[in-house]
Structure formats: structure tokens, C-alpha cells
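Take a moment to look over the fold below. The report that follows starts with one strand and works outward.

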Amino acid sequence: MALDQTTVVDAIGVDNATGEVVLTITDHLGWTGSDSEHLLLLKEKLNAYLSFVESGEMLETYPDAKGRAVLIDVVCKFPPDEQAQGFYNQLSQVVESAGIKLQQRLFSACSLSAMS
């Protein structure tokens, strides 16, 4: 899955350490300085995720989510530029006002090899 598939949930699971349901967005796009399309895709994808949670579809699709806190985890291939970081900061306020946590982080191949 990828950021440009705005109506698809890329991954869902439960974090064993926190008990949270984690909805993952995979952002493979780079930041070029003229990122209006990238930011629009991110906004559309986040709106789809919020709708997935708020409509109850998440519970129908993933019954293990019942009674759990929700975290949307945006995993980026490239570090966000200043404009993108400001966008994330704004979005996190909106998302958190809906009772959902939002985090953005860089993908690290090292963390995958540590899991093996």
C-alpha cells in the first residue's frame, strides 16, 4: 500500500506494549519544496483513516480494536521538510481532538532487522 492509495488502510494491528490499535500510513514520497500534491494526498489519506475509525468500519473489519485507544502512525521514507512538519503539527491537533493519536516517524531498516 502507499500514500497515493488514499482510500486504503495500509496496515492495522495492536501494539503489544501499549495495547493501542495502530493504523499505519506508508509515505514513500519525497519532499521537493513544492509539495502541495504530497500534502493533499496525506490529508486525503488521514481523512479516510479518521472516517474508517469514526464510522465504526474499523470495528467491523478488526474486532480486536474494541475498547482500545487508536494511534495513526505515519511512516515516512524521507524526512519531512519545514512546511510538512508544520502540516503534521496542525494535523495532530485536529486528529487528537477526535480522540486519536497521530505520530510521524522515519522508516528505519535497522528497526526491521532488530525484530528478526
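## A strand covered on both faces

Strand 3 has two covered faces. On one side sit Val 70, Ile 72, Val 74 and Cys 76, and on the other Leu 71, Asp 73 and Val 75; all are buried. That makes strand 3 mostly covered, with 7 of its 7 residues buried. Keep in mind that this is a predicted model.

## Neighbours in the sheet

Strand 3 pairs with strand 2 and runs parallel to it, joined by 7 bridges. One pair is Thr 26 with its bridge partner in strand 3, Val 75.

Strand 3 also pairs with strand 4, again in the parallel sense, over 6 bridges. Here Val 74 has Gln 104 of strand 4 as its bridge partner. Helix 3 joins the picture too: strand 3, helix 3 and strand 4 make a right-handed β-α-β unit.

## Asp 73, a charged residue inside

Which strand holds Asp 73? Asp 73 is found in strand 3, residues 70-76. Its relative accessible area is 3%, under the 20% cut-off, so Asp 73 counts as buried.

The side chain of Asp 73 has polar partners. One polar contact, at 2.8 Å, reaches the side chain of Gln 103. Another, also listed at 2.8 Å, joins Asp 73 to the side chain of Arg 105. Leaving out residues up to four places away in sequence, Asp 73 touches Val 22, Leu 23, Thr 24, Ile 25, Gln 103 and Arg 105.

## Helix 1

Helix 1 covers residues 36-54. How far apart are its end C-alpha atoms? They are 26 Å apart. At 1.5 Å a residue, the 19 residues should span 27 Å, so the two values agree. After helix 1 comes Gly 56, with a positive phi near 90°.

The buried residues of helix 1 are His 38, Leu 39, Leu 41, Leu 42, Lys 45, Leu 46, Tyr 49, Leu 50, Phe 52 and Val 53. These buried residues pack against many elements: strand 1 (11-14), strand 2 (21-27), helix 2 (57-61), strand 3, helix 3 (82-97) and strand 4 (101-106).

## The nonpolar core

How many residues make up the largest nonpolar core? The core has 26 residues. Leu 23, Leu 42, Met 58, Ile 72 and Val 74 have the most contacts inside it. Strand 2, helix 1, strand 3 and helix 3 are the elements that give two or more residues to this core. Helix 1 gives the largest share, 8 residues.

Ile 72 shows how strand 3 meets its surroundings. Beyond residues up to four places away in sequence, Ile 72 touches Leu 23, Ile 25, Leu 46, Tyr 49, Leu 50, Val 95, Ile 100, Lys 101, Leu 102 and Gln 103.

## Met 58

Met 58 lies in helix 2. Is Met 58 buried or exposed? At 4% relative accessibility, Met 58 counts as buried, because buried means under 20%.

Not counting residues up to four places away in sequence, Met 58 touches Ile 12, Val 21, Leu 23, Phe 52, Val 53, Pro 63, Ala 65 and Val 70. Take Val 21 from that list. Met 58 and Val 21 are 37 residues apart in sequence, and their C-alpha atoms are 9.9 Å apart in space.

Terms used: Residues numbered from 1 in each chain as written. Predicted model: local features only at pLDDT ≥ 70, side-chain atom pairs only at ≥ 80, totals over all residues. Heavy atoms only, no water. Helix = DSSP H or I, 4+ residues; strand = E, 2+ residues; numbered from the N terminus. Buried < 20%, exposed > 50% of the residue type's maximum accessible area, 1.4 Å probe, protein only. Polar contact = N/O pair within 3.5 Å; in protein donor to acceptor, adjacent residues only side chain to side chain. Contact = heavy atoms within 4.5 Å. Expected span 1.5 Å × (residues − 1). Pairing = 2+ DSSP bridges. Right-handed = clockwise from strand over helix to strand, strands pointing away. Core = buried A, V, L, I, M, F, W, Y, C linked by side-chain atoms within 4.5 Å.
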